[in-house]
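Reader: Could you take me through how the helices pack here, slowly and in plain words? I'd like a close look at one packed pair, and then whatever around it helps.

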Amino acid sequence: MLHASPENYNIKTRIGPILFDIYLDDSFLSAQAPSRSNRHNHANFELHFIVEGGGLLVMNGEEIRLQPGHYYVIPPGVYHAILTDPAIRLSKYTFRFDYTELNDYDTYFPANEVERLKTALTGIGYFYERDQAGNIRILHDVIHELNTQSLGYYAKLQSCFNQVLVNVIRSTASGTQPPYRIPSRLGDDNRSLIIDAFFDQYRSDLTLEQLAGQLQLSPRQTRRILSKLYGTTFMEKLEDIRIEEAKDRLKHSKDSILMISEKLGFTSQERFCTLFKQKTGETPQSYRKAWKSTEGREGGEGAGVSGESE
């Protein structure tokens, strides 16, 4: 990825209602951030991930030796300098970030998670540790996405930086267990699971009243739910499921049409044939013949269908 002059990148990503602004420049692409031997500070959090080589981080009168496979975080306003040995190549990924809290809350994002994240973020101080969470590997993926710019690469960048940010925040709040669980399915989401499981028994003599009982609703309310979620009535949904299963059996089994109609819960072969033609425009026998002809299957037109009537 070539540029005529240095370029800065600003990637915005969200974790719940917290918006992170991530800043990096072209030096990130080569992992060759400047050593900055002069003392300086930033208005943002600064993260350094050491890929190879070494050097010294000078801060608050301390000298911390940099090692590959480690990273360090410098909070806003903290003066520091990075000293390198000309004989040792220091390769590191560096980016800065800050964050703000938005007002448009996602109701599915646990409120306790938001509060814990905010508390951890406000408590981040300087720290230096081994990269045990694989952040450097994730940042390699960032380099790949910046260079290839394939479809969806900005979304992939957001995902990568979200992972790194969560890993870093976890390191500052290690040992704490958040008091929440993944949100449960609510309302219509849960009802759709019950309805789907109910219609899996399509071979049985199902009734609207039985479904209403499982949903703990009246038959009238159940009709409304079916219309809202599936755009159909109880009987239409049951018939559609049975016809779809009939198509599969006509294609892949040698069961007679009478046998198929009985297995699928139809009251008679005539009722099955009439409904099948209404739904597909073909009789069961012509549907089976057309399929066998198209697929070039063995057995001829009459295989497995002796004694059938349309």
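Author: Let's start with the contact between two helices, where contact means heavy atoms within 4.5 Å. On the H3 side, Asn135, Ile138, Leu139, Asp141, Val142, Glu145 and Leu146 meet Tyr153, Lys156, Leu157, Cys160, Phe161, Gln163, Val164 and Asn167 of H4. These residues divide into nine nonpolar, three polar and three charged (nonpolar is Ala, Val, Leu, Ile, Met, Phe, Trp, Tyr, Cys and Pro; charged is Asp, Glu, Lys and Arg; polar is the others, Gly among them).

Before going on, a word on what you're looking at. This is a predicted model, with residues numbered from 1 along each chain as its sequence is written. Local features need pLDDT of at least 70 and side-chain atom pairs 80 or more, while totals for chains, interfaces and linings use all residues; side-chain values use heavy atoms, leaving out hydrogens and water.

Back to the pair: H3 covers residues 135–148 and H4 residues 153–172, and they pack at about 160° with their axes 10 Å apart. Helices here are DSSP runs of H or I, at least four residues, and strands are E runs of at least two, numbered from the N terminus. Axes are lines fitted to C-alpha atoms, for helices over the stretch in contact, with angles from 0 to 180 degrees between N-to-C directions. H3 and H4 are therefore roughly antiparallel (under 35 degrees is roughly parallel, over 145 roughly antiparallel, 65 to 115 roughly perpendicular, the rest oblique). Their crossing is left-handed, meaning the near helix is turned anticlockwise from the far one by less than a right angle; clockwise would be right-handed.

Now for H8, residues 234–252. Its axis and that of H10 (residues 269–280) come within 10 Å and cross at roughly 95°, so H8 and H10 are roughly perpendicular. Among the residues meeting there are Ile243 and Leu250 in H8, and Phe272 and Phe276 in H10. That contact divides into six nonpolar, one polar and six charged residues.

H8 also packs on H11 (residues 284–295), with the axes within 9 Å and crossing at roughly 50°, which makes H8 oblique to H11. This crossing is right-handed. Lys247, Arg249, Leu250, Lys251 and His252 in H8 meet Pro284, Tyr287, Arg288 and Trp291 in H11, a mix of four nonpolar, one polar and four charged.

How far can you lean on all this? pLDDT is the predictor's confidence in each residue, from 0 to 100; its mean for the protein is 86, and 86% of residues reach 70 or more. It stays under 50 over residues 1–6, which have nine contacts beyond four places in sequence, and over residues 297–310, with 24 such contacts. Where pLDDT is low, don't read the predicted coordinates in detail.
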